Amino acid sequence: MAAAVEIQGLSCRFGGVKALDAVDIRLSPGEVLGLIGPNGSGKTSLFNLLTGHHNPEAGAILLDGLDLAGQSPSQIARFGIARTFQNLRLLRRLSVYENVRAARHACAPLRDAFWLSPAARRQERDSLMNLLDIFGLSEKAQKTPAELTLVQMRHLEIARLLAADPKLVLLDEPAAGMTSAETQAITEVIATHVLPGRSAIVIEHKMQLVAALCPRIAVLNAGRKIADGPTGQVLADSAVRQSYFGAKPC
Amino acid sequence: MDAFTISVLSNIGLFSFLAISAWVLLICGEISFGQQAYFAIGAYAGGIATAVWQWPFALGVGFGVVLGAVIGGLVAWPTTRLSGMHYAIATLAFAEFVRSCLNVFSYQREVDGYLTGPDGANGFRDIRWAYEAGVEPLGYLGIIAAGLAAVIGLIACMARGRGMAQLRIVGEDPILAGMQGLNVNRIRIAAATLAGGIAALGGALYAHLATYVEPAQFGVMIGVHSLAYGLIGGLGTVFGPILGVLVDIGLLESLRVFSSYRMIVFGGLVALVLILRPRGILDEKTVRRIQAWLRR
Ligand SMILES: Nc1ncnc2c1ncn2[C@@H]1O[C@H](COP(=O)(O)OP(=O)(O)O)[C@@H](O)[C@H]1O
Ligand SMILES: [Mg+2]
């Protein structure tokens, strides 16, 4: 189930820094939007506002028409928004398996805290191990995240996100630190397992991934949206090239 | 078993409730120096129920547990906003507050021609259930063991269910926990409720073994020790805090060689373990390794 997203006039500031300045973005259900822009342009801040981690200074976020203003991060997660983190946010004392399982505890009735039937446990185990398998992590299920490579950690974050079965996925530089071959691999996994049936915003600097996954991109610069449209068209735009690639208009 | 062994084992059992209580909160990322407050509440409430109101033992103990759990949850309500040092100090302050209250709390009724019940700083005498029911020290040790087994069983159920995982996720990264849809405040309040109930169970059992309790018994040092047990024993399993108790009471207190240096040795031991193994002897990784080994 994919969600419609409407971001209207969203602003947020940190002290003197205006991280986002009246940003409008609309996503129809199932749409995949690439979000690009130089470092510090406010991309991650947008995710932090969407997940309720930070509160906007102005503006509104509507998920399937529902205003997210004033909702806690946990409620927003239960509405079906899940994200990965640019700097990775894994539970390092828990096993890889428990990291993925972390997405499954929301909404559980109180009884589940004390008792899960063997059938329920097995079912959960099978589905989570299948998920880990997709990311080549099933062998590592009982290891800690620290025993994984950076690439595996990024995979694990995506596996955890999928375990929540979200309607809107927010990927924050999923290929950061990856080689071209690794980027190719994660691009394929995202295309086949993450995007179908979901709306998504993908932050990424690697054009290889953006071009393959996102038919449309928006560009942020210093907190303002400076372009939004079909990927090829936006990338050809001279202002975008100026701000993003520092290249002279051609 | 000789009387000395029985008394040492009973002590180990009773302190284990306190240690597990503080451990539950540690798992949830909270440092409490004040679990002795709930131990005291359980002791007083359980004692009043059986000695003053003449309730049956199980009901009296149950009353202590419920009261400890409810107060634990109520106190957690405003303190979930606090973190780290602030939370630790709040627990300490609350425990001292409870002790001051007990110092002025008098509730005496005539039972069989005798005045019975707490009398402020003079304490609370004649919690005589075990004596009247003819339960020998060894039998009472069995009761303590059964209570401890129940607590361990409950934690084991939570480890099979979602409870322990929820506590651990909140304890490790409350912000991430929120983003995973967990209600962090509710989980913290639940942990404090559980911890309060566990400590109160220990307290109620203690009161009926000691037959006499007084506010001075529930001082800060008890709370500090309770916390240290989990820290040295390890945060990976409920047997961690029990291991901590075993080391302190079973080894240091009971062996003559250590007796006069107990506090020094214990303090040094805590420092050493925390340097070498920040999450205790039975930390999460060790426990996972043991579990993997057992599964083979
Ligand atoms: N939690 C925060 N506290 C203070 N400043 C922040 C915080 N998060 C982001 N910023 C600032 O907001 C701006 C946008 O940051 P960010 O959204 O992380 O950019 P991007 O992800 O596009 O690189 C930067 O100037 C950054 O320093
Ligand atoms: Mg960023």
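**View 1. The shell around ligand 1.** Ligand 1 has these neighbours, each with a heavy atom within 4 Å of it: A:Phe14, A:Val17, A:Ala19, A:Pro38, A:Asn39, A:Gly40, A:Ser41, A:Gly42, A:Lys43, A:Thr44, A:Ser45 and A:His54. This is a predicted model, where local features need pLDDT of at least 70, side-chain atom pairs count only at pLDDT 80 or more, and totals for chains, interfaces and linings use all residues. Residues are numbered from 1 along each chain as its sequence is written, chains are lettered from A and ligands numbered from 1 in the order in which they are written, and side-chain values use heavy atoms, leaving out hydrogens and water.

**View 2. Who builds the shell.** Helix 1 of chain A gives the largest share, three residues. Strand 2 (17-27) and helix 1 (43-50) of chain A each chip in at least two; both are DSSP runs, with helices being H or I of at least four residues and strands E of at least two, numbered from the N terminus.

**View 3. Polar contacts of ligand 1.** Look for N or O atoms paired within 3.5 Å. An oxygen atom of ligand 1 sits 2.6 Å from a side-chain N or O atom of A:Ser45. A polar backbone atom of A:Gly40 is 2.7 Å from a ligand 1 oxygen, and for a backbone N or O atom of A:Ser41 the distance is 3.2 Å.

**View 4. Charges over rings.** Here, CZ of Arg must be within 6 Å of the ring centre and within 35 degrees of the ring normal. A:Arg125 has its charged end over the ring of A:Tyr97, 4.7 Å from the centre. Over the A:Phe85 ring sits the charged end of A:Arg89, at 5.9 Å.

Notes
A polar contact is a pair of N or O atoms within 3.5 Å; within protein, one must be able to donate a hydrogen and the other to accept it, and residues adjacent in sequence count only if both atoms are side-chain atoms.
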